[in-house]
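Work through the exercises below with the model open. Each task is followed by a stepwise solution.

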Amino acid sequence: MSRSIVRQSKFRHVFGQAVKTDQSYDDIRVSKVTWDSSFCAVNPKFLAVIVESSGGGAFLVLHLSKVGRVDKNYPLVVGHSGPVLDIDWCPHNDNIVASCSEDTTAMVWQIPDHTPSRPISEPIVVLEGHSKRVGIIKWHPTARNILLTAGGDNLIIIWNVGTGEPLMTMDDHPDLIYNVSWNYNGSLFCTTCKDRRLRVCDPRKNEVVAERLSPHEGIRPMRAIFTKEGNIFTTGFTRMSQRELGLWDPTNFEEPIALLELDTSNGVLLPFYDPDTNIVYLSGKGDSSIRYFEITEEPPYVHYISTFSSKEPQRGMGFMPKRGVDVSKCEIARLYKLHERKCEPIMMTVPRKSDLFQDDLYPDTAGPEPALEPEEWMDGRDADPILVSMRDGYVPPKSRELKVAKKNVLDTRPATRRSMSVIDGSSLPPQLLEKLVEEIQNLKATVLSQEKRICDLENKLSKYTNGTV
């Protein structure tokens with residue numbers, strides 16, 4: 001007697017649900033630039049979308065609570081002289097966002113908690129090192145201030161945003177780089193390239209430690225991401241232009257762990273991975289559906305769960321970090337789907353009857369504290385993300401955190417000037433030296449008091465604009 005055996009998984013019944021119409025973000029002119037990035041980035045505080053803009057590149061930043069119609073005169077983040085191609089929120093500060101553009105630069109911006117009254121045009125730092133357009137930008141998952149950019153000049157540059165200086169440059173790619181993904185602790189990253197090779201790179205040794213030619217036989221663009229266990233999940237095309245996904249062990253690239261054909265379509269599949277649940281969400285540009293799969297250690301290793309379908313095709317997609325989901329509704333993921341003129345949140349939920357906190361759905365997740373300083377990471381140290389509990393939900397810190405982050409981003413920039421003045425001052429008379437030191441201390445005290453005043457005023461303004469007063 002035979003009986004069917006159903007795979008046991010707490011995520012078998014995950015379903016997607018779009019929010020009500022009045023909870024979407026309407027009248028957003030999503031960018032029409034031809035580049036296969038997600039055009040959208042989101043964190044527990046803000047939603048950022050690359051938009052159409054005359055006279056240069058721009059992106060829109062909204063508080064998550066600012067749902068409904070977006071005013072056509074809403075202040076944008078402007079500063080790039082060419083179209084913006086990619087944006088990424090800092091995982092260690094919810095008010096810091098990085099952008100890159102066709103103008104060959106990357107920029108890092110500080111977003112205030114209150115709604116700005118005019119466009120934000122002054123970045124904290126401008127990163128100039130590429131000779132062609134910069135299409136990929138990625139923050140390091142565990143080290144403070146480490147940022148990766150990849151450009152049309154086939155270079156990957158890793159920056160210390162605190163000093164605005166490049167730490168290293170990799171020139172191992174002979175053709176256009178399609179995507180870059182850090183592993184869980186940021187010790188390695190993987191890349192896909194137009195030369196049809198999947199590479200695993202060790203940035204601190206400045207070398208490619210593993211590579212595989214044609215993980216997918218088609219010539220169309222591939223995507224690759226690291227899983228928490230250190231395997232690599234890829235999406236690409238077969239020789240017959242069917243979309244395909246694969247799972248690979250980077251220590252043995254000979255044979256895939258799993259290879260699965262999906263359908264025939266032109267859109268590149270963008271993977272969004274949740275390391276806490278080991279679920280990957282696949283969103284194709286031009287598709288009107290989101291497929292999701294669970295990656296496990298049992299065959300067939302990549303298990304299809306379900307598909308969320310809607311009528312409208314998507315122009316891009318944003319993926320909320322686990323800190324931003326609603327644990328009271330058993331929400332395990334939230335995606336932000338870009339339409340032609342709006343952004344629609346989609347909640348992925350596990351159906352449960354109990355209102356209590358579900359420990360099995362919410363293991364401790366990566367928090368906002370960096371595990372390493374830039375110098376420690378450069379010296380060869382590795383550390384997993386510092387985890388936080390989701391039991392009481394996550395409350396984003398208020399803007400008083402910004403002062404620390406602001407100093408952290410800026411304080412090392414004038415360091416060279418200070419050290420020069422000390423060297424020059426070795427021959428000064430002691431009285432003059434004391435006078436200079438005293439004047440510097442007085443100026444520092446004045447600056448600190450003014451920063452505190454600015455921070456207090458921003459907090460007040462934030463309370464008024466958010467309607468809490």
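**Exercise 1. The chain as a whole**

How many helices and strands does the secondary structure of the chain come to? Then describe burial, contacts and exposed area.

*Solution.*
- Note the source: this is a predicted model.
- Count elements. The chain has 4 helices and 32 strands.
- Check burial. The chain has 469 residues, and 51% of them count as buried.
- Take the contacts with a separation of 6 or more. Residues 24 or more positions apart account for 52% of these.
- Turn to the surface. About 22800 Å² is exposed, with 50% supplied by carbon and sulfur atoms.

**Exercise 2. A four-stranded sheet**

In what order do the 4 strands of the open sheet that includes β24 run? Find the edges and the twist.

*Solution.*
- The order is β24-β25-β26-β27, with antiparallel pairing.
- The edges are β24 (269-274) and β27 (302-309), since each pairs on one side only.
- From one strand to the next, the twist averages 25°.
- Now take one pairing. β26 spans residues 289-295 and pairs with β27 over 7 bridges.
- Within this pairing, E294 stands opposite H303 in β27.

**Exercise 3. From the sheet to a distant segment**

Which side chain meets that of E294 in a salt bridge? Classify both partners by accessibility.

*Solution.*
- The partner is R7, at 3.2 Å from N to O.
- Place the two residues. E294 is in strand β26, while R7 is in the segment before β1 (15-18). They are 287 residues apart, so the pair links distant parts of the chain.
- Apply the cut-off: buried means under 20% relative accessible area.
- E294 has 9% relative accessibility, so E294 counts as buried.
- R7 has 25%, so R7 counts as partly exposed.

**Exercise 4. Two loops tied together**

Where do D113 and K45 lie, and what does their pair tie together?

*Solution.*
- Their side chains meet in a salt bridge at 3.0 Å, N to O.
- D113 lies in the loop between β10 (105-110) and β11 (125-128). K45 lies in the loop between β3 (40-42) and β4 (46-51).
- The pair therefore ties together parts 68 residues apart in sequence.
- Add accessibility. D113 is buried at 5%, and K45 is buried at 11%.

**Exercise 5. A further pair and a network**

Is R334 buried or exposed? Treat its salt-bridge partner as well, then look for a network.

*Solution.*
- R334 counts as buried, at 13% relative accessibility.
- R334 forms a salt bridge with E331, and their closest N and O atoms are 2.7 Å apart.
- E331 is buried too, at 0%.
- Elsewhere, salt bridges with shared partners join D195, R197, R199 and E211 into one network.
- For the total, the structure holds 21 salt bridges.

Technical notes. Residues are numbered from 1 along each chain as its sequence is written. This is a predicted model: local features need pLDDT of at least 70, side-chain atom pairs count only at pLDDT 80 or more; totals for chains, interfaces and linings use all residues. Side-chain values use heavy atoms; hydrogens and water are left out. Helices (H or I, at least four residues) and strands (E, at least two) are DSSP runs, numbered from the N terminus. Buried means under 20% relative accessible area, exposed over 50%, partly exposed in between (1.4 Å probe, protein chains only). Contact means heavy atoms within 4.5 Å. Accessible areas come from the Shrake-Rupley method with a 1.4 Å probe; for residues, only the protein chains shown count as cover. Two strands pair if DSSP finds at least two bridges between them. Axes are lines fitted to C-alpha atoms, for helices over the stretch in contact, and angles run from 0 to 180 degrees between N-to-C directions. A salt bridge is a side-chain nitrogen of Lys or Arg within 4 Å of a carboxyl oxygen of Asp or Glu.
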